[in-house]
Amino acid sequence: KKENDTKAVEDAVRMLDSVDGMVAKYSSQPSDALRRISVETAKTNSMWAEVEDKGETTRLMEAEMISGQAEGQLLKLLVKFGKVK
């Protein structure tokens, strides 16, 4: 069971990395200022900041009120197609 759980987590990480890579490749990127704000906001979660400082993760948990790159691009697309003003 533990091996299956580990494999499932590895599969999920691989899938997320693929989605993140695709979004990064085919969508506009956030400005440097927005990128810095996102990183600093994520570091306010002490557990994730500690793990990131140790080099044990390349991911920081996003703050609940800040959308990630993929979510931001989806919202931008929906606004465009919905002709929202």
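## What counts as partly exposed

A residue is called buried under 20% relative accessible area and exposed over 50%, with partly exposed in between. L77 has a relative accessible area of 40%, so L77 is partly exposed. We'll come back to that residue after a look at the whole chain.

## The overall picture

What you're looking at is a predicted model. The chain averages a pLDDT of 78, and 87% of the residues score at least 70. Going by the mean for each element, helix α1 (residues 2–26) has the highest pLDDT at 82, while helix α3 (residues 46–53) has the lowest at 75.

As for the fold, the chain has four helices and zero strands, so to read along from the N terminus is to meet α-α-α-α. Of the 85 residues in the chain, buried ones make up just 8%. The accessible surface comes to about 7400 Å², and 60% of that belongs to carbon and sulfur atoms. Take the contacts between residues at least 6 apart in sequence: 44% of them join residues at least 24 apart.

## Helix α4 and its patch

Back to L77, which sits in helix α4 (residues 69–81). This helix has 13 residues and reaches 18 Å from its first C-alpha to its last, close to the 18 Å expected at 1.5 Å a residue. After α4 comes K83, with a positive phi near 50 degrees.

Which residues form a nonpolar patch on the surface? They are L74, L75, L77, L78 and F81, and together they have about 520 Å² of accessible area.

Key: Residues numbered from 1 in each chain as written. Predicted model: local features only at pLDDT ≥ 70, side-chain atom pairs only at ≥ 80, totals over all residues. Heavy atoms only, no water. Patch = residues over 30% accessible without salt bridge, like charges linked within 9 Å, V, L, I, M, F, W, Y side chains within 5 Å. Areas by Shrake-Rupley, 256 points an atom, 1.4 Å probe, with all protein chains shown as cover. Salt bridge = Lys/Arg side-chain N within 4 Å of Asp/Glu carboxyl O. Helix = DSSP H or I, 4+ residues; strand = E, 2+ residues; numbered from the N terminus. Buried < 20%, exposed > 50% of the residue type's maximum accessible area, 1.4 Å probe, protein only. Expected span 1.5 Å × (residues − 1). pLDDT = per-residue confidence, 0-100. Contact = heavy atoms within 4.5 Å.
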